[in-house]
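Biologist: Could you walk me through this complex before I set anything up with it? I would like to go from the packing to the chain contacts, and then to the confidence.

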Amino acid sequence: MEEYVKIVTRDRLYKDEMESLMTKFLFLEIVRGMRLTLKTMFKKPVTRRYPKEKRQAKPGFRGLHALVRNPETGNAKCVGCGLCAAMCPSKCIYIYTREGDNHEKVVERYEIEVLRCVYCSLCVEACPFQAIALTETYDYAAFSKQELFYTKDRLLKNWDDFMTEEKKKRYFESFWGPKTSFFRENESQATFKGKS
Amino acid sequence: MLNQIIFGYFAVTMISLALIVITRKNIMHSIVYMLILFFHIAGLYLFLNAEFLAAIQIIVYAGAIMVLFLFVIMLLNLREELRKSRFAITWPIGAIFVVLSAVMIIISVFGNRFANVGNVKISDIEKVGHTVAVGKLLFVEYLFPFEVASLILLVAIVGAIVLAKKEIK
Amino acid sequence: MELLWEISIIVIKIVVVVSVVMFHVAYATYFERKVIGRMQMRMGPKEVGPLGILQPVADGIKSFFKEDIIPLNSDKPVFYLAPVISIMAAMSALAVIPFFDGFIISNINLGILFILAMSSLGAYGIVLAGWASNSKYAFLGGLRSAAQVISYEVSLGLSLVGVMLLAGSFNLNDIVEAQSSSVFGFYAIPQILGFFVFIVSAVAETNRPPFDLPEAESELVAGYFAEYSGFRFALFMAAEYIGMIIMSSLAVLCFLGGWTVPYYVLYLFPFLGAVPGVVWFILKLYACIFFYYWIRATLPRFRYDQLMALGWKLLIPLSLLNILITGIAKLII
């Protein structure tokens, strides 16, 4: 038995030596590498030609901001509570409110300085009305800073432009959730319901 | 007539190029002029039907030896070299040797003017080709001197290795 | 009148060769980027024109109109001279290459030696460029190139000696003729050692990867032409690609049978005889150039001491052995 093992190992050693000699003299390693590159040449390239061929963002992607338009009233859902601006780590949300004719709170200006945004999505989480959303749009480069300063109208327009029917539906389903029905009951302002 | 004009051009250009080479302060520039000089030498060889010699002149002298020169010169600090004075302190000794060798060359040129034409004629060379003629002469008639010369080169190579290696096991 | 006729024929030949070669140089860059791109699963140039076919034209126009920057403390005459030497040495070697039977600008007896001489002169362009730029990177590139070219020229020349022995001539026309009448139809099989040494040294001589130490991007920015811009840079690039074409055509002529097809292939497929010789030459040339790109995409760059060790300790002894074997074989047969 022992002898047999010995013979086998010696055989293997001999074989290994032969192999290493072969690899040395016939450049087998280089040949192997060349074969690999040649094979790769006929594979499909992984390149995406960006401006022509855009990648579909995954659901939940944090892109350009949009103010949610209430599908029932057609106005912005924002009530100007200022929680998003308070939460924002880079302080890029500016909200100006005033008193309306019927003593209600009117959001006069709602502005986002997109260049300073870090896309943390904390504003979305902070908003009690789910009134702000991050769309899946990521290509909105511009030539001036002014173009990247989004006012309320533009943010609402973003919602119209980038949230297609399907996306809107998904958004409402996944983010509005149980709160939706809750807010639907209250047409006006959010009120503290207290322990009933 | 044309032959004389061509030879005259080569001779004058070569001598003036050689003068330019030794009077440049910047060694790099003199190397460029030396390169042109080598081309003229090769051209002169071509007019003597010595095409193999012309090719070897460019391959060996211009292509290898001058590149080695360049290699060494690039390792020098040229900015300091430019500031140094043109003549070393020992220049009178050099001048004596120059004068002596000039005298020797003049004597040998005038003494040997029409002697020893050699038994290989241009027509023979043209018949078999210059490379074949040189090869036959080198390896048949002058094999022994050729081997001796190569031995001398070998000695030089071994010497260089001995100098370069600090300790030989 | 006859002299005028001859001169005009030569001029026409020169114009044809230079324009065809410059076209090939332009498209060699495109081809290289495409091939290497595909080998790395990229796409290569694709934007300019259909499939990016006008990319070389765009590159040419760009290099023409770029600002020509000259370093302040550079040695101006040498700086101007260096790219000219490079391209002149590369271009003049084209004069002795027979592209097909009877088409050669100057059929001299010393074809191979002339090409070797010119390729060794190309080193001057590189070394002088490296020195004149007054930049450390360029300088190091120049130094490396000088040492590399000297050491690989020896093995390049020696590897061709076997071919010269078999053919008994330096003339490239004669070498091709001798090959077509030899046993195998081309010299790559009987001269397999010489062919191997030639391939490696030719890659090193043209400063192509994996021997591109003079222009190693990761260490020396762009090596010897780091300080060049605009059209002078383009001249260096063109010289490199012409050098590649010359080395490839030397391989085709000396080892792969030039414009001829081996007689046994013709015996098996007689219809191949109708294909003109220049097609065979160009196909073989493209294969060689593709090989250049292929190893560029595959192999990493050598370290400098490895390069020197490979040249002096492996290639030169191998080529000497090849000469010995060839000489003995020729004596016996």
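Modeller: A definition comes first: a nonpolar core here is a set of buried Ala, Val, Leu, Ile, Met, Phe, Trp, Tyr and Cys residues joined through C-beta atoms within 7 Å. Please also keep in mind throughout that this is a predicted model.

Biologist: Fine, so which residues touch the most other members of the largest nonpolar core?

Modeller: Those are C:Ile246 and C:Ala251, in a core that counts 115 residues. The element that gives the most to this core is helix H4 of chain C, residues 111–132, with 16 residues.

Biologist: What does C:Ala251 touch, leaving out residues up to four places away in sequence?

Modeller: With those left out, C:Ala251 touches C:Phe198, C:Ala202, C:Leu256 and C:Cys288. Apart from that core lies another one, of 23 residues, and its members include A:Val68, A:Ile93, A:Cys123 and A:Leu155.

Biologist: Staying with chain A, how do strands S2 and S3 of chain A pair?

Modeller: Strand S2 of chain A, residues 93–99, and strand S3 of chain A, residues 105–113, pair in the antiparallel sense over seven bridges, and A:Ile95 stands opposite A:Tyr110 in S3(A). The two strands S2(A) and S3(A) form a hairpin with five residues between them, and in the turn A:His103 has a positive phi of about 55°.

Biologist: Changing topic, which pair of chains has the most contacts?

Modeller: Two pairs of chains touch, and the most contacts are between chains B and C, where 18 residues of chain B are in contact with 23 residues of chain C. On the side of chain B that touches chain C, the elements that give two or more residues are helix H2 (27–47) and helix H3 (51–75) of chain B, and H3(B) supplies the largest share, 13 residues. By class, that side of chain B has 14 nonpolar, three polar and one charged residues.

Biologist: And how many residues are in the contact between chain C and chain A?

Modeller: That contact takes 10 residues from chain C and 12 residues from chain A. On the side of chain C that touches chain A, helix H1 (2–39) and helix H11 (277–298) of chain C are the elements that give two or more residues, with H11(C) giving the most, three residues. The residues on that side of chain C divide into six nonpolar, one polar and three charged.

Biologist: What about chain A and chain B, how far apart are their closest C-alpha atoms?

Modeller: They lie 28 Å apart, and no contact joins chain A and chain B.

Biologist: Now inside chain C, which domains does the assignment give?

Modeller: The assignment for chain C gives domain 1 (1–56) and domain 2 (66–332), and the C-alpha centres of these two domains of chain C lie 18 Å apart. Their contact takes 14 residues from domain 1 of chain C and 11 residues from domain 2 of chain C, and the domain 1 side that touches domain 2 divides into nine nonpolar, three polar and two charged residues.

Biologist: Last thing, where in chain C is confidence lowest, and where is it highest?

Modeller: Confidence in chain C is lowest in helix H8, residues 217–220, at a mean of 75, and highest in helix H9, residues 230–254, at 87. For chain C the mean pLDDT is 83, with 100% of its residues at 70 or more, while for the complex the predictor gives an ipTM of 0.75 and a pTM of 0.77.

Key. Residues are numbered from 1 along each chain as its sequence is written. Chains are lettered from A and ligands numbered from 1 in the order in which they are written. This is a predicted model: local features need pLDDT of at least 70, side-chain atom pairs count only at pLDDT 80 or more; totals for chains, interfaces and linings use all residues. Domain bounds come from an automatic or database domain assignment. Two residues are in contact if their C-beta atoms, placed from the backbone, lie within 7 Å. Ala, Val, Leu, Ile, Met, Phe, Trp, Tyr, Cys and Pro count as nonpolar, Asp, Glu, Lys and Arg as charged, and the others, Gly among them, as polar. Helices (H or I, at least four residues) and strands (E, at least two) are DSSP runs, numbered from the N terminus. pLDDT is the predictor's confidence in each residue, from 0 to 100. Two strands pair if DSSP finds at least two bridges between them. A residue is buried if 20 or more other C-beta atoms lie within 10 Å of its own, exposed if 12 or fewer, and partly exposed in between; C-beta atoms are placed from the backbone.
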